[in-house]
Amino acid sequence: MTHDLVATLRPLLTSEASAEAHATGMEPGDLEQAVWLRLLEHLDTQGPPRDPQDWLRRAVRSESRRARRTTRFERPYESEPADDGDRTPEHLALAAARRRALHDAVRRLPGRCPRLMAALLSPEDLTYREIAGELGMSQGSLGPERSRCLGCLRRLLTPEVAAREARG
């Protein structure tokens, strides 16, 4: 019976999780796993739901709300990398120099790339939706624009990396 229930609900859960995941900031697969776990708990305590499809839709929305509440309280690390405590002063100085070089190269990018890359590198960990709104562009064009900007950034940084390695 449980195998039939899972086989019946899998396509519905996949589509519901894909639709809801974007608003939660979760991956659809993570949302699916949370709902499968909830179903197993429900089966263990109360047996199969009377209306499995309706139960599943409500469970997806409930897990989505839980994820959004959790996300509101999560904060990114203040510094990068997160494990700076174990690093020597030399490592910290080199990491800071790499960050400065990266941010200097980002400022030299053409067009709206500096603003896009600054938003992507922001410690606020902005979503694509927030970045698109901030830059006044469609969310769908963000990925291709990001790829173009990363290509430009790679070309800017490659000579600097090669020059540093030659000295060392």
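**Charges on a helical model**

I'll start with E134, which sits in helix α6, residues 128–135. The model you have in front of you is predicted. E134 is partly exposed, and its relative accessible area is 47%. On the surface, E134 gathers with E124, D125 and E130 in a patch of negative charge.

One member of that patch deserves a second look. D125 is in the loop between α5, residues 113–121, and α6. What is the value of phi for D125, and what is its sign? Phi of D125 is near 55°, so we have a positive value in a residue that is not glycine. D125 counts as exposed, at 61% relative accessibility.

Now the overall picture. The secondary structure comes to 7 helices and 0 strands. Reading from the N terminus, the order of elements is α-α-α-α-α-α-α. The protein has 168 residues, and 31% of them are buried. The accessible surface is about 11400 Å², with 53% of that belonging to carbon and sulfur atoms. For contacts in the protein between residues at least 6 apart in sequence, 57% join residues at least 24 apart.

Let me give an example of two positions from separate stretches of the chain. A34 has its place in helix α2. A34 is buried, with a relative accessible area of 17%. The C-alpha atoms of A34 and A59 are separated by 9.1 Å, and these two residues are 25 apart along the chain.

Next, the salt bridges. Side chains of opposite charge can pair when their charged atoms come close. How many salt bridges does the model have? The count comes to 9 salt bridges.

I'll go through a few of them, beginning with E16. E16 forms a salt bridge with R57, and the closest N and O atoms of the two are 3.7 Å apart. E16 lies in helix α1, residues 2–24, and R57 lies in helix α3, so this pair ties together parts that are 41 residues apart in sequence. Is E16 buried or exposed? E16 counts as buried, because its relative accessibility is 12% and the cut-off for buried is under 20%. R57, on the other side of the bridge, is partly exposed, with a relative accessible area of 35%.

E16 has a further partner. The side chains of R61 and E16 meet in a salt bridge, at 2.8 Å from N to O. R61 is in helix α3 and E16 in helix α1, so here the pair ties together parts that are 45 residues apart in sequence. R61 counts as partly exposed, at 33% relative accessibility. Adding E20 to these gives the full group: E16, E20, R57 and R61 are linked in a network of salt bridges.

Another bridge stays inside one helix. R66 forms a salt bridge with E63, with 2.9 Å between the closest N and O atoms. R66 and E63 both lie in helix α3, 3 residues apart, or about one turn of the helix. R66 is partly exposed, with a relative accessible area of 34%. E63 is buried, with a relative accessible area of 7%.

Helix α3 also contributes to a patch. R65, R68, R69 and R72 form a positive surface patch. R68 is found in helix α3, which covers residues 52–73. Is R68 inside or outside the cut-off for a patch? Patch residues need over 30% relative accessible area and no salt bridge. R68 is partly exposed at 31%.

The last residue is a buried charge without a partner. E32 is found in helix α2, residues 28–46. Which side chain of opposite charge is nearest to E32, and how far away is it? That side chain is R10, at 5.9 Å. A salt bridge needs a side-chain nitrogen of Lys or Arg within 4 Å of a carboxyl oxygen of Asp or Glu, and E32, although buried, has no salt bridge. Leaving aside residues up to four places away in sequence, E32 touches L13, T14 and A17.

To recap: a negative patch that includes E134, a positive patch that includes R68, a salt-bridge network through E16, E20, R57 and R61, and E32, which is buried and has no salt bridge.

How values were computed. Residues are numbered from 1 along each chain as its sequence is written. This is a predicted model: local features need pLDDT of at least 70, side-chain atom pairs count only at pLDDT 80 or more; totals for chains, interfaces and linings use all residues. Side-chain values use heavy atoms; hydrogens and water are left out. Patches are made of residues with over 30% relative accessible area and no salt bridge: like charges are joined within 9 Å, nonpolar side chains (Val, Leu, Ile, Met, Phe, Trp, Tyr) within 5 Å. Accessible areas come from the Shrake-Rupley method with a 1.4 Å probe; for residues, only the protein chains shown count as cover. Lys and Arg count as positive and Asp and Glu as negative; His and the chain ends are not counted. The place of a charge is taken as NZ of Lys, CZ of Arg, CG of Asp or CD of Glu. Helices (H or I, at least four residues) and strands (E, at least two) are DSSP runs, numbered from the N terminus. Buried means under 20% relative accessible area, exposed over 50%, partly exposed in between (1.4 Å probe, protein chains only). Contact means heavy atoms within 4.5 Å.
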